[in-house]
Amino acid sequence: MNTHSTDTGETAELTFRGKTLSLPVLTGSEGEVALDIANLRKATGAVTRDYGYLNTGSCESAITFLDGEKGILRYRGYPVEELAEKSRFVEVAYLLINGHMPDANERRQWSSLLNQHSMMHEDMRHFFYRYPERAHPMAILSAMVVSLSTFYPELSQHRPDEPEEAINIAATRLMSKLRTIAAFSYKKSIGEPFVYPRHDLKYCANFLNMMFSSPVCPYDIKPEVVQALNVLLILHADHEQNCSTSAVRLVGSARVNLYASVAAGICALWGPLHGGANQMVIDMLEDILASGRSVKDYVESVKASKGKELLYGFGHRVYKTYDPRAKIIKRSCDSVLKVLNVNDPLLDLAFELEEIAMRDDYFVSRNLYPNVDFYSGIIYRAIGIPKEMFTVMFALGRLPGWIAQWKEAREDPRFKLQRPRQIYTGPRIRHLEPEHISSEA
Ligand code: CMC
């Protein structure tokens, strides 16, 4: 489903070296304004410079709306708060990928397709045994996902004439198998036998069962834990043109298959400034606890470091107010810990850290509020998920967003190979000196 921005009929005039260029003014469905600079270089010879793409709209998208000043996040128009309260993750995944909420019939079909594709090719199991003991699960996850393209090559091509059905099967396969791959990588890391997916369990319960049951001890699937996981995955499901989604779109723009594009997204997500921050938050809280330092002292050292140290789980490129996802996760921390009878000293520490930071001018003046990664790890810990797996959980949640964005890009007739320009600042032309030229063959 592709909708386009509206040309307002206005223009912005850019005068450069005596020439004036009229830039069309576009507007999106929520009123955001954009200047179309497609003809800038041709008309003026100049390119733009925008480190980190702070001002660059790389595409038009009808999937997620985000207002960072007001703390608004909506998927396909639905507020994320409403979806988190009233839907399940697989329904939200369907919404993101297909553009509408599934009706009862579509829900049944989607569920049965997810079951049908939940097993991994048996040969892929052997891959897990070849990784070193301390291999990070995000590396395994991305390698496994790109490997899917070798097991299902017939459906992995990203050609313009690829039948829609083939793309949909690849998307369903990914949705279902990523969960199995994630659980298998955890089982491998603790040396336990793999637990296969079960058709009688729904998506989140199935995942928890694959993670925590064993031949000697079945896992007691608590509905409150299933619900908490559903909410966490929904809150991570899409976030418009973030770093990993942009990676998926950029890699996909070379017309590579869906599996390879998503594998690139997984690698980008792993970074500590992006999804990897959820693991860093727990590392940080554990360090503070182990060192016996006061939270105030820790915050002071972050400030004194002038950007070298960070308060992980704080700050966001787009939100200049409290991240709406963090608000929901913070609320559910207390209830999940209560249900599971867990008393986690890191939660008290996190509350204290937030309170101190929110009273400190350094954080207030820079609009640095807790983001989605600040409290999510506390819930994952309570469920029993180790911190090395936190970013894998983020990837599970973000997958429908990556798929939806990849599909949307592919269906957009304006989707071009993404190839930015640069401003070259290296040496001007020079030539090899005789001492650079070796006489050896
Ligand atoms: N702790 C301390 N100072 C910070 C932090 C932080 N977490 N985040 C930003 N700052 C400071 C930064 O040093 C800079 O200070 P100054 O103006 O004195 O140079 C100022 O705030 C502006 O920061 P920026 O780096 O220009 O902002 P950005 O938009 O490029 O960075 C960010 C956004 C998320 C990379 C950054 O806030 C950060 O590194 N946060 C910690 C990592 C983190 O929690 N990442 C998860 C983001 S949410 C999940 C996701 O979607 O990825």
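Student: Let's start with a small sheet. In the open sheet with the order 4-5-6, how many strands are there, and which kind of pairing do they have, parallel or antiparallel?

Tutor: That open sheet has three strands, and the pairing is antiparallel. Keep in mind that this is a predicted model.

Student: Which are the edge strands there?

Tutor: Look for strands that pair on one side only: here strand 4 (64-67) and strand 6 (78-79) are the edge strands. Strand 4 and strand 5 (residues 72-75) run antiparallel and are joined by four bridges. You can pick out one pair by eye: F65 has R74 in strand 5 as its bridge partner.

Student: What order do the strands take in the other open sheet, the one with strand 1?

Tutor: The order is 1-2-3, again three strands with antiparallel pairing. Strand 1 (6-16) and strand 3 (33-35) have a single partner strand each, so they stand at the edges with one side left without a neighbour in the sheet. From one strand to the next, the twist averages 30°.

Student: How many bridges join strand 1 to strand 2, and how many join strand 2 to strand 3?

Tutor: For strand 1 and strand 2 it's eight; for strand 2 (residues 19-27) and strand 3 it's three. Both pairs run antiparallel. To find the register, go to T15, whose bridge partner in strand 2 is T20, and then to T27, which stands opposite V33 in strand 3.

Student: What should I expect of the side chains along a strand?

Tutor: As a general idea, in a regular strand they alternate between the two faces of the sheet.

Student: And what is formed by strand 1 and strand 2, with how many residues between them?

Tutor: A hairpin, with two residues between the strands. Check the backbone of R17 while you're there: this turn residue has a positive phi of about 50°.

Student: On to burial. Is L235 buried or exposed?

Tutor: The cut-off for buried is under 20% relative accessible area. L235 comes out at 0%, so it counts as buried. You'll find L235 in helix 9 (residues 223-236). Its C-alpha is 8.2 Å from that of V372, although L235 and V372 are 137 residues apart in sequence.

Student: What about L250: where is it found, and what is its relative accessible area?

Tutor: L250 is found in helix 10 (residues 243-252). Its relative accessible area is 38%, so L250 is partly exposed. For a distance in space, take L250 and S438: they are 40 Å apart, C-alpha to C-alpha, with their positions 188 residues apart in sequence.

Student: Now the ligand. How many residues surround it, and which are the closest?

Tutor: There are 20 residues around the ligand, and the closest are L273, H274, L311, G313 and R317. By class, the shell divides into eleven nonpolar, six polar and three charged residues.

Student: Which polar atoms should I look at around the oxygen atoms of the ligand?

Tutor: Begin with the backbone of G313, where an N or O atom lies 2.9 Å from a ligand oxygen. Then try R317, with a side-chain N or O atom 2.8 Å from an oxygen atom of the ligand. R366 also has a polar side-chain atom 2.9 Å from a ligand oxygen.

Student: How much of the ligand's accessible area does the protein cover?

Tutor: On its own the ligand has 940 Å² of accessible area, and the protein covers 72% of that.

Definitions and conventions. Residues are numbered from 1 along each chain as its sequence is written. This is a predicted model: local features need pLDDT of at least 70, side-chain atom pairs count only at pLDDT 80 or more; totals for chains, interfaces and linings use all residues. Side-chain values use heavy atoms; hydrogens and water are left out. A residue is near a molecule or strand if one of its heavy atoms lies within 4 Å of it. A polar contact is a pair of N or O atoms within 3.5 Å; within protein, one must be able to donate a hydrogen and the other to accept it, and residues adjacent in sequence count only if both atoms are side-chain atoms. Accessible areas come from the Shrake-Rupley method with a 1.4 Å probe; for residues, only the protein chains shown count as cover. Ala, Val, Leu, Ile, Met, Phe, Trp, Tyr, Cys and Pro count as nonpolar, Asp, Glu, Lys and Arg as charged, and the others, Gly among them, as polar. Two strands pair if DSSP finds at least two bridges between them. Axes are lines fitted to C-alpha atoms, for helices over the stretch in contact, and angles run from 0 to 180 degrees between N-to-C directions. Buried means under 20% relative accessible area, exposed over 50%, partly exposed in between (1.4 Å probe, protein chains only).
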